[in-house]
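Here are a few friendly notes to read alongside the model. They start with one strand pairing and work outwards.

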Protein chains: 2
Amino acid sequence: MEQKSSKSLQKLSELRREHKGLINLMPLQTGGILTDAARVALMEFGDGYSVCDFCEGSLCNVTNPPIRDFVQELLPPFLGCEVATITHGAREGKFMVMHSLAKPGDSIIVDGNKHYTTVVAAERVGLNVIGVPNSGHPEFRVDVNEYVPLIKKHAPKLILLTYPDGNYGNLLDARRLGEIAREYNIPYILNGAYAVGRMPISMEEIGADFIIGSGHKSMASAGPAGVLGMRKKWEETVLRKSGTYSKKDIELLGCSIRGVPLMTLMASFPYVKERVQHWDEQVSKAQWFSAELEKLGFIQLGEKPHRHDLLHFDAPALYEISKRVREKGYFLYKELKERGIWGPQPGLARSFKLSTFAADRQQLGFVIDSFKAILNKYS
Amino acid sequence: MEQKSSKSLQKLSELRREHKGLINLMPLQTGGILTDAARVALMEFGDGYSVCDFCEGSLCNVTNPPIRDFVQELLPPFLGCEVATITHGAREGKFMVMHSLAKPGDSIIVDGNKHYTTVVAAERVGLNVIGVPNSGHPEFRVDVNEYVPLIKKHAPKLILLTYPDGNYGNLLDARRLGEIAREYNIPYILNGAYAVGRMPISMEEIGADFIIGSGHKSMASAGPAGVLGMRKKWEETVLRKSGTYSKKDIELLGCSIRGVPLMTLMASFPYVKERVQHWDEQVSKAQWFSAELEKLGFIQLGEKPHRHDLLHFDAPALYEISKRVREKGYFLYKELKERGIWGPQPGLARSFKLSTFAADRQQLGFVIDSFKAILNKYS
């Protein structure tokens, strides 16, 4: 035990990331790669609590570094909302809203493709989660009109849509759900963890009450970091202050990310604000890549034509290989890694997710050729 | 507005920390200065979600980087607890425990010197907070025996002690409170945000049920990062899993700090584990420094002899100066900064807090001389 501990301790002084420098297709990671400005910010504000040098009681009001300007001036127009704040990430944003608007035993209605953290956040509050089923293989679409009968039946305190979902990259009819939310007067959370920072998006245009973004997933930020936007009418509910300490937000426990991830989020923001303007190029790149992989016999799941860089493929040919090789499903991870490519979760070959967001067409061409070469090698 | 936004955006590409490289006496910061190993980890794992390369569903079980070993093997003996986990920070750890063990309307009893986040976390759960008063100026001691009548009167669900508190650096009789907790069978939270990572501390020896530490405050880590240790009997309550996703902790919303602050916490841990062994040197350094400042007419508040690097001084002579200079209380911040020293909160001169933890005796000698010079300059 003593010896094992000593070995474990030794390992901590040599923390290195195995996947550094590879072509990154990992859906969780392609939108969170730092800008150069963010890397400078990492070193500048790495020391614990260094963002708090000039704090006068509230993180979101710090003027040096310019957190207040970021939160009050830059985030709201970017999110299409009236009031914004900083969170530890999308899941913490969801929990804040659920915890503020609903009570144990209340119900919420969510899309069948929701992220698992939607359910866990609701469990933490004690809510009943009712899912609107998807259409199943291969498209996994959710018709948002199906929220209506469930709203009538369950009188939910909130409805939530994952836009897009993290499994198939489907962009459902968020605006139609906005109309439904208005018609039935139910607060509407748009979970945009894979949208905010990748594509243009506006809470107001969609007609949602809350918009949630993830810094580490889609805003070129270190983790943990997130943003939460809302209509002004919810400010007093969700950003209510402590009865004892009038500057302190209860749901943020005073402050949320009092550290360097916030600085990377801010440092990358000018770049992120610009990159969402080029979303059409991202979509056409994803569609081209998907079509090329389908030529190899892979089957793209989710909506077609696809409108997001997050792609999910069934790969029967790779699955056949995985059944007869020593490494089982890990052979794909290994083969790709040897070629300088990191993407599908290690162990998965039968079906896997990729994101084309961070790679350029030349790199993706190399990825396509690599898949071809792997199929040939084992055929 | 447009122009103002454009200026705000411009500022984000030039985020620089004004206090970098100064002698740091800021109590929030002296225990959170990164090690060189942590700075390497910052660059290695800065990209969003890069710690999750090999995740199989639970952050605390990731083996590469060796998060599991850190959480399961290294943290428990360091904290003197049976089970440990990772949090966003001390306040989030407190909220987790309160939210798991108490219900809205329940009461908890806390020391009068508690951190404000203790109250805000309790408010977020809906708890009544009953404080054990301190003895007032100048020592602000709390007699933990005074928890007893309040326990009898209010039947609290939890008791909490801040050890030391962040205002005076008082180390109360935590062990005696452990005996009281056992006698009345009340779960006991030790908030060690200024202890864990600075001084040797053991939850078991103190007889607490929970121990809470802060990475950015006292473990040479970037923020946000924290640790939570507990007795095994509480594991199923606080670290209960989702009913739907069996690997996911409800109170951590699946995972807590899925990002680079955790890597800095781990990278610095070998150094932190070693440095707590030299706590006696820290204490004698703090006592010497305090005695020197008292020779200048400052009055150290809190316990004497002091047993922690966190020092709070009344400074009537500086207050007199602040009343007649243009910069008011800011003159002290300005004078110290010109001499390469950063510590008292900008604007405070009448009384202020300092920490001697990060500075060596030579630097502290220079600080003492600087205070002398400032007093002379304005006398």
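1. A good place to begin is Asp314(B), whose bridge partner in E12(B) is Ser351(B). Please keep in mind that this is a predicted model.

2. Asp314(B) also looks the other way: as a residue of E10(B), Asp314(B) is the bridge partner of Ile299(B). Ile299(B) brings in strand E9 (residues 299-300) of chain B, which pairs with E10(B) in the antiparallel sense over 2 bridges.

3. On the E12 side, E10(B) and strand E12 (residues 351-355) of chain B run antiparallel and are joined by 5 bridges.

4. Is strand E10 of chain B enclosed or open? Of its 5 residues (310-314), 4 are buried, so the strand is largely enclosed by the rest of the structure.

5. Now to the place where the chains meet: 78 residues of chain B are in contact with 78 residues of chain A. The elements of chain B that give two or more residues to this side include helix H1 (2-12), helix H4 (90-101) and helix H11 (260-275). By class, chain B's side has 37 nonpolar, 21 polar and 20 charged residues.

6. Turning to chain A, you will find 15 helices and 12 strands. The C-alpha trace of chain A spans about 70 × 55 × 50 Å along its principal axes. Chain A has a radius of gyration of 22 Å, which agrees with the value near 21 Å for a compact globule with 379 residues.

7. Two last figures for chain A: 54% of its 379 residues count as buried. Among its contacts with a separation of 6 or more, 66% are between residues 24 or more positions apart.

Methods:
Residues are numbered from 1 along each chain as its sequence is written. Chains are lettered from A and ligands numbered from 1 in the order in which they are written. This is a predicted model: local features need pLDDT of at least 70, side-chain atom pairs count only at pLDDT 80 or more; totals for chains, interfaces and linings use all residues. Two residues are in contact if their C-beta atoms, placed from the backbone, lie within 7 Å. Ala, Val, Leu, Ile, Met, Phe, Trp, Tyr, Cys and Pro count as nonpolar, Asp, Glu, Lys and Arg as charged, and the others, Gly among them, as polar. A residue is buried if 20 or more other C-beta atoms lie within 10 Å of its own, exposed if 12 or fewer, and partly exposed in between; C-beta atoms are placed from the backbone. Two strands pair if DSSP finds at least two bridges between them. The radius of gyration is taken over C-alpha atoms; the globule rule is 2.2 Å times the number of residues to the power 0.38.
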